[in-house]
Every structure is written in C-alpha cells, then in structure tokens.
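Biologist: Got the model open? Let's go through it together, one question at a time.

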Amino acid sequence: MRMRACAVCENGGRAARALAYAKVGRHLVECVNCGFTYVPVAPGAAAQTHAARDGRLLLGDRLLNWLDRATCWRRFMFSPLEPYEILNKLGPDSGNVVDVGCHRDNLRLISRRFSIYGLEAFPAFSVRTRTEATQSGATVLSTTAAEGLSRFPDRSLAGVVLHSHLERDPDARSVVELLGQKLRFDGLAVLKLANYGSLNRRFMGKRWYKFNFPEYLNYFRKRDISALASHFGLEASFPFMLSLPTDDNFIAILKPTIPIEIY
Ligand SMILES: [Zn+2]
C-alpha cells in the first residue's frame, strides 16, 4: 500500500504518528517532522474504507453536536468575503484567472475583466459548471488542478482561486509548486481552507464536523500553508478578520516573492 509523504516537508508517511481521530473512521497521521496532519493512504486504496459510524450517539456527542449547531454563526460571522471577492478586489487589472474545482458560482462571480478558466476534475459537477461557463464565457478544462495549471506558461496567471480545494487534493504539494511557477509577479492565489488550528477543532476533538468529509486528505494550519508556500517562492498572508482562530475556515493569500535581481 502506497503511503503518502507529508505534503509540507516530504517526510515519509511511515514515520508519521497516527492520531486518535482514527476513531471517527478516518486514518489520520501527524508528520513527526513538521506537525502537518493528513490522510496517509493514497485515495483509491484503503482511503475508501471509511468505517461507518455507530448510529447511536452518546449523550456527550449529542450535547457537543447541539452546541456546534447552536453556535454555527461562528462560521458566517467572521467570513464576509469569499475568495473570488478578494481576487476581484486585490487582483491585477486584467489577465488569465483560474478557478480550481469550479466552486459554486465562482465562474459567474469572478470579475469579467479577467479571462476565466475553470478546472473541473469531477464529471458529476460538469452540468452546473457548463451552465455557469456558458453564462460567463469561461473556458472549462476537464482536468486535475496540477495537470490544468501545468498547461499555462510560467508567470502567465493573474490569479488562482482555490475554494475548499487543497484539502481534497492528493497532489497538494505539486499544486502549490505550480502556483509558485505560474503566477505573475503581480498576481495572487486566494485559498479558502478548513482551519485545522481552529479553537472549535480543539474543542470538538474527533467530533469536529470537518472530519465528516471523507474526501478530505489534508488538514492545514496557517503555519503549514506558510511553510509550503515559502518553499516554492510564495509569501502567504492571512487577512486578520478572515483567519480568526474562532473560524472553522481561513483565507490564505499567496503572492510570489519578487526575486532581489528585479529591484
Ligand atoms: Zn511534514
């Protein structure tokens, strides 16, 4: 069985420490080198053996689930701006923009001042995506993120939007490497990520609702995405109100570090 290495530091999967969250039917490990948390088995193999949960919830579980639902305002209160809006506000005046995964409505809502490309690797979504692309004039490529990004010339992208994508991508490291190569020096990538460092995750423990998504493979904290970005010549920043520890998601903005010889 092929074990995935850590996406952040490439430390081998077998050296990673298994976490108690395996109790929720997920096999999760923490990299012993950098602390990144991920699913160590490549998808398509044992990753699909998602153990069914016992239907009966303990009283403690019920109470925590109720509390989680009762305080769900946390998820909306601090995230007024979506990634496409940040791109529209902070992006360059024109150029090619890629929406990885064709997240709901993005193709329609990304500013028309850009030439918009959507990468869509899941055929199940393609009808909606095609409709949105027709409305917006976007070009949709049926491909994975890494394959799609690699088709663009280096330093040719004004922006890339990855809305809840990097958590699901088995090739997350290559995707960030490609962002480092393909973004223009005045371009930016805007990522929305599940906040593994959130207070709610610590409080809810194995009951954190993001553990219920069987397709999640990578659980980033801000420091993980910073380290990965920095390795590939990108600087990560986190808008304060969009990356609070009380939020279950956070926004990361990645920009190429301009080489010293350009000054
Ligand atoms: Zn690591």
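Biologist: Let's start with Phe-238: which loop is it found in?
Modeller: Keep in mind that this is a predicted model. The strand β10 covers residues 234-237, and β11 covers 249-256. Phe-238 is found in the loop between β10 and β11.

Biologist: And does Phe-238 count as buried, exposed or partly exposed?
Modeller: A residue needs 20 or more other C-beta atoms within 10 Å to be buried, and 12 or fewer make it exposed. Phe-238 has 15 C-beta neighbours inside 10 Å, so it counts as partly exposed.

Biologist: Which residues does Phe-238 touch, leaving out those up to four places away in sequence?
Modeller: Strand β11 runs over 249-256, and the list includes Phe-250, Ile-251 and Ala-252. As a separate check on distance, the C-alpha atoms of Phe-238 and Leu-191 are separated by 10.0 Å, with their places 47 residues apart along the chain. The full list of touched residues is Lys-222, Ser-243, Phe-250, Ile-251 and Ala-252.

Biologist: OK, on to the sheet with β10 in it: what is the order of its strands?
Modeller: This is an open sheet of seven strands with mixed pairing. Its edge strands are β6 (139-141) and β10 (234-237), each pairing on one side only. Neighbouring strands are turned by 20° against each other on average, direction ignored. The order reads β6-β5-β4-β7-β8-β11-β10.

Biologist: Inside that sheet, what is the bridge partner of Val-160 in β8?
Modeller: Val-160 belongs to β7, which spans 157-163. Six bridges join β7 to β8 (residues 183-194), and the two strands run parallel. The partner in β8 is Ala-189.

Biologist: What angle does α7 make with the direction of β8?
Modeller: Helix α7 packs on the sheet, touching β7, β8, β10 and β11. Helix α3 (residues 83-90) lies across β4, β7, β8 and β11, and runs at about 160° to β8. For α7, the angle with β8 is about 155°.

Biologist: How many of the residues of α7 are buried?
Modeller: Helix α7 takes in residues 172-182 and is mostly covered. Among its buried residues are Val-175, Val-176, Leu-178 and Leu-179, and Arg-173, Glu-177 and Lys-182 are buried too. For the protein chain, 39% of the 263 residues count as buried. In α7, the count is eight of 11.

Biologist: Any odd backbone angles? What is phi of Asp-105 near?
Modeller: Asp-105 is found in the loop between β4 (95-100) and α4 (106-109). It has 14 C-beta neighbours inside 10 Å, so it counts as partly exposed. Its phi is positive, in a residue other than glycine, and is near 70°.

Biologist: And what is phi of Ser-164 near?
Modeller: Ser-164 lies in the loop between β7 and α7. With 17 C-beta neighbours inside 10 Å, it counts as partly exposed. This is another residue other than glycine with a positive phi, near 50°.

Biologist: Last one, on the four-strand sheet: what is the bridge partner of Glu-30 in β3?
Modeller: That sheet is open and antiparallel, in the order β1-β2-β3-β9. Its edge strands are β1 (17-18) and β9 (218-219). Two bridges join β2 (residues 29-30) to β3 (residues 37-38). Glu-30 therefore falls in β2 by its number, and its partner in β3 is Thr-37.

Key:
Residues are numbered from 1 along each chain as its sequence is written. This is a predicted model: local features need pLDDT of at least 70, side-chain atom pairs count only at pLDDT 80 or more; totals for chains, interfaces and linings use all residues. Two strands pair if DSSP finds at least two bridges between them. Axes are lines fitted to C-alpha atoms, for helices over the stretch in contact, and angles run from 0 to 180 degrees between N-to-C directions. Two residues are in contact if their C-beta atoms, placed from the backbone, lie within 7 Å.
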